[in-house]
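Welcome! Please take a moment with the sequence and the model shown here, and then we can walk through them together.

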Number of protein chains: 2
Amino acid sequence: MKVVERLEELRTERDRFQGVFGLVPTMGFLHEGHLSLVRRAKQSCDHVGVSIYVNPTQFSPEEDLSSYPRDLDRDLDLLQREGVNLVWTPKDEQLYPPGFSTWIDAGELTQKLEGAYRPTHFRGVTTIVAKLFLAFTPDIAVFGQKDAQQAVVIQRMVRDLNFPLEVVVAPIVREADGLAMSSRNVYLNPDERSAAVVLNRSLKQAEERYAGGERDADALRAVVLDILAEEPLAKTQYVSVAHPETLDELHGSISSALVSMAVYFGKTRLIDNVILG
Amino acid sequence: MKVVERLEELRTERDRFQGVFGLVPTMGFLHEGHLSLVRRAKQSCDHVGVSIYVNPTQFSPEEDLSSYPRDLDRDLDLLQREGVNLVWTPKDEQLYPPGFSTWIDAGELTQKLEGAYRPTHFRGVTTIVAKLFLAFTPDIAVFGQKDAQQAVVIQRMVRDLNFPLEVVVAPIVREADGLAMSSRNVYLNPDERSAAVVLNRSLKQAEERYAGGERDADALRAVVLDILAEEPLAKTQYVSVAHPETLDELHGSISSALVSMAVYFGKTRLIDNVILG
């Protein structure tokens, strides 16, 4: 496994790989969720590259950029064991040189759901992901369904700008008790950690109601909100039942939907989702 | 020479070319200026591709999109004679499908000079150029110095987003009397056509004054403005003496500068420029 820091080295190393190349972009502090993306990439690709970069431009000033968890040695060890071929660990100065001024904006999609609470988040995401795509020139890029809106936004960008690659979205990986894996779970104290299971429980309940024939978007939203409201440590920011592609909020009768949420436990903001139908 | 309309065909044909591939993006109605870009590309490349597409998103509603001159048969004939390998003539529906919403913005640079008068122009330019880059995946892309700010903006985009290609900027090609070649010159009536030579004459005068030791930005700007003012058919929109990379307007003593202008002759807006130093 080759680990490089400079873009020029990355391009040199990348050029050595013939065949289908897969990319898994990450912010490091890897867990089983990330490793599942690597394994998914390996299924479809001859070679797999991973980027480890905590991208400052997708954090707003009040968010957790400086405290975001990092453990590069452990990350590299995990990636080595997964048989990753190439890892890029760039520094800020290289990705955002003096005078950096070019941004990619995927429009209306980015102002809904997460974007309503994190207004500059997706501009940072699309810009860094485009840069990673242009640095690695992958044939396939794998993202997690955990960040459901991010997956939709990136698929839109790839289509709109004609990136010559395929986006694969891999399922959410959960802890034994159902909590979606996230690097931010380490912020939770033991009480919050136990309480956080309510996210998955509420989504399961929505799934069951949908399986039982419930097709009213507002009823499904209410099911989730009610379960979250029963957990005193959970402070719900939003629960959404939205169109899976346009992300428009749905009301009345639905066929399919993305049910998603953001919930605070103390200062820790967790997200989770499920697609119905 | 292969001429294709659909993106999928373009990718298939592009994949057949090994070696260094050059791209010359155009809006068609080709003249010697465009052909000089093709020749410049051929100097450095094994294969050359050209796009012919009048990009609607770089025109504002009051501009000349519908009347922009077109002559595809003649264009293809000219490109064939230059030994071009691959031509893409896409349709709007393919480049801007329903729901298109992703834009690239190169920031502050795009709000100066031309951008001050054409506020959405460069967003359209950077977005379509990025799409052309991702469609052709060229090693080298050639642009004309005629659109000086466009060249600066695209170089910034390429650097900021890590496009894996080199931008070459080729010199302005002029008619025998000095008028910079432009597809829009066909709009000029005979009187306007004669009068339009004043652009080059004013730039020549600035060059001479610079060669003679004049280093005061305001004095150089005044030289150009005075000469333009002597031509009754010329309605000057702006004359700028700016930093060649930041495009900041310069005052007082300079070392180098981009002297540029936009001038109306009737309804026809012409631009021209020279780099001093």
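**Two helices, then two chains**

In chain A, α9(A) and α10(A) are roughly antiparallel to each other, a term for angles over 145 degrees (under 35 is roughly parallel, 65 to 115 roughly perpendicular, and the rest oblique). This is a predicted model, in which local features need pLDDT of at least 70 and side-chain atom pairs count only at pLDDT 80 or more, while totals for chains, interfaces and linings use all residues. Residues are numbered from 1 along each chain as its sequence is written, with chains lettered from A and ligands numbered from 1 in the order in which they are written.

Two packed helices are described by the angle between their axes and the distance between the axes. Here, α9 (residues 197–211) and α10 (residues 217–229) of chain A cross at roughly 150 degrees, and their axes come within 9 Å. Axes are lines fitted to C-alpha atoms, for helices over the stretch in contact, and angles run from 0 to 180 degrees between N-to-C directions. Helices are DSSP runs of H or I with at least four residues, strands are runs of E with at least two, and both are numbered from the N terminus.

Which residues meet in this pair? From α9(A), they include A:V198, A:L203 and A:Y210, and from α10(A), A:L220 and A:I227 are among them. Residues are in contact if their C-beta atoms, placed from the backbone, lie within 7 Å. By class, this contact has 9 nonpolar, 2 polar and 2 charged residues (Ala, Val, Leu, Ile, Met, Phe, Trp, Tyr, Cys and Pro count as nonpolar, Asp, Glu, Lys and Arg as charged, and the others, Gly among them, as polar).

Now let us turn to where the chains touch. Chain A and chain B each give 24 residues to the contact. On the side of chain A, the elements that give two or more residues are α1 (7–15), β5 (103–105), α6 (121–136) and α7 (148–161). That side divides into 13 nonpolar, 5 polar and 6 charged residues.

The β5 strands of the two chains pair in the antiparallel sense over 3 bridges, where pairing asks for at least two bridges found by DSSP. One of the bridges joins A:W103 to B:D105.

How are the copies related? A turn of 180 degrees and a shift of 0.0 Å along the axis lay chain A on chain B with an RMSD of 0.0 Å, superposed by least squares on the C-alpha atoms of residues with pLDDT of at least 70 in both. That is the relation of a two-fold axis. In chain A, the C-alpha nearest the axis belongs to A:I104, 2.2 Å from it.

Technical notes
Contact = placed C-beta atoms within 7 Å.
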